[in-house]
Amino acid sequence: MQNVGGSEKSSSPPWLPVAASVVLMIIVAFLASANARHLNNASQWRRHSTDVILAAQLFENNLLDIQRGMRGYVTLGDTNALASFNNNLAVEPQKFQLLVTLTGDNTSQQQRLKNLSVAMTTLISFDNGSIAIYRREGFAGISKLDATGESRAIFGQAHDILSQFSADEQRLWDLRDASEQEDYHYAGQLLVGCSMLAAVLLLFATYLASRELNFRRQAEAKLKQTLLLQDAILRSADYGIVATDKKGIVQTFNPAAERLLGYSADEVVGHATPMLWRDPAEIAAQAESLSQKLGAPVPASFEAIATKVLTDAIDEGEWTFIRKDGTRFPSLLVVTSLGGEKGGTVGFLGIFRDISERRRSDAEREKLITELKDNLAHIKTLSGLIPICAWCKNVRSDTGYWQTVEQYVRSHSEASFSHGVCPTCAMKFKDDISRAGPKPQSALSKA
């Protein structure tokens, strides 16, 4: 600044710093927007790779379950293993089609899936053949087949193709993750170096981007772990667990529920409501009770169940459930509502178990208690003061009549008498006989 006429004058236009700041902010905003789009795109691709990896893992788990089911049947004759084999075999095409859909943009992975399809066809055909051999020849036929090593070779071929598929997808995930990381760090360095005027904004944006990236990774890892844990809990639980949406459409149906009700998860998930196995008469009675309580009509449908839960926060009680084959069993059921992230109710969760055995035990216990009470009612005991004559030893009854001791005891207890003579009385009797002397002879005897 130079002093002209006693005053200082700027050597540059006063708007230049402002303009530079505005231009810098525009550039920073443009770069930030472009980088955000790039990061979002990279994140989407990485999530896509994650979905493919998870789908491949599910397919591999199902493949192993198929083999375990087949081996369990042909080596141990376990019919449950055969049922598991058929169930897992039924869902195999769906899981395979999911892999095809997810990798539609990847030519090399599509080729591997074609090879995998051929290998799976061969493997499934071999499994069915093994089952047929077992049914014809028994374990001896399976032992002879295992000795050829064909089973291991066929399974190994399918498993190797699937392992290579997963490994390549993992490498692709690593590349996309590294690309996302590289873009992120480059954007941070570029934004920090643009201008001191935008430093606070850039640091704040970097902080948010870093936090969002870490949160996303943690959320994905936690979600994956949670899903695995949830699946393990649902599969191992002895209680039937059924989750529905707000309209009552079943979303979760665990193996225990399948076993107790006779329906498979594929039959009810996304298709049916709990009304499929609930007793219509009981639901109608509940709807009528709620209608009287709320002063408004409640339909005898799933709405009665939902209304009960929403009104009382929880519905707990014993109900009659109807299996797929039409048989009925008593069940202890607890129903609660499921809350969403933003509050409100997004569905309902029901947990139940069969209490038929408990009902039988209760009935037997009540029968035993009744029998004991009846037996006790017939047991008579003597208690209190007994009014007995001091001279003849007769006892006065409750009605005022005099009875012998034997009669009184018999009427007031289960005791009975056996008569005999004690040693003292026996001696007294002998003495009396001796003092009495011989009996006089009768006139008849004298004659």
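This section describes the nonpolar cores, aromatic pairs and salt bridges of a predicted model.

The largest nonpolar core comprises 32 residues, of which F59, V74, F85, L99, L116, M120 and I131 touch the most other members. At least two residues of this core are supplied by each of the helices α1, α2, α3 (107–137), α4 (139–147) and α5 (150–194). Helix α3 provides the largest share, 10 residues. Contacts of F85 beyond four places in sequence involve I66, G69, M70, D127, N128 and I131. Apart from this core lies another one, of 27 residues, which includes L261, A304, A306 and W319. The ring of W319 is also overlaid by a charged side chain: R278 lies over its face, at 4.8 Å from the ring centre.

Aromatic pairs number 6 in the structure. One of them joins F59 and F96 in a tilted arrangement, with 6.0 Å between the centres and 55° between the planes. Because F59 belongs to helix α1 (residues 15–76) and F96 to helix α2 (residues 79–102), this pair ties together parts that are 37 residues apart in sequence. F59 and F96 are both buried. A further pair, F302 and F348, is edge-to-face, its centres being 5.8 Å apart and its planes at 75°. Here F302 lies in helix α10 (residues 302–312) and F348 in strand β7 (residues 345–354), so that parts 46 residues apart in sequence are tied together. F302 and F348 are likewise buried. In addition, F321, F329 and F352 are linked into a cluster by ring pairs.

The structure contains 13 salt bridges. Among them is the bridge between D168 and R112, with an N to O distance of 2.4 Å. This bridge links distant parts of the chain, with D168 in helix α5 and R112 in helix α3, 56 residues apart. D168 also forms a salt bridge with R171, for which the closest N and O atoms are 1.8 Å apart. In this case both residues lie in helix α5, separated by 3 residues, or about one turn of the helix. R112, D168 and R171 are thus linked in a network of salt bridges. Within this network, D168 is buried, at 15% relative accessibility, whereas R112 is partly exposed at 21% and R171 is partly exposed at 45%.

A salt bridge is also formed by R358 and E318, whose closest N and O atoms are 2.3 Å apart. R358 is located in helix α11 (residues 356–378) and E318 in strand β5 (residues 314–322), so the bridge ties together parts that are 40 residues apart in sequence. R358 is partly exposed, with 33% relative accessibility, and E318 is partly exposed, with 39%.

Definitions and conventions: Residues numbered from 1 in each chain as written. Predicted model: local features only at pLDDT ≥ 70, side-chain atom pairs only at ≥ 80, totals over all residues. Heavy atoms only, no water. Phe/Tyr/Trp six-rings, centres within 6.5 Å; stacked < 30°, edge-to-face > 60°. Helix = DSSP H or I, 4+ residues; strand = E, 2+ residues; numbered from the N terminus. Buried < 20%, exposed > 50% of the residue type's maximum accessible area, 1.4 Å probe, protein only. Lys NZ or Arg CZ within 6 Å of the ring centre and 35° of its normal. Core = buried A, V, L, I, M, F, W, Y, C linked by side-chain atoms within 4.5 Å. Contact = heavy atoms within 4.5 Å. Salt bridge = Lys/Arg side-chain N within 4 Å of Asp/Glu carboxyl O.
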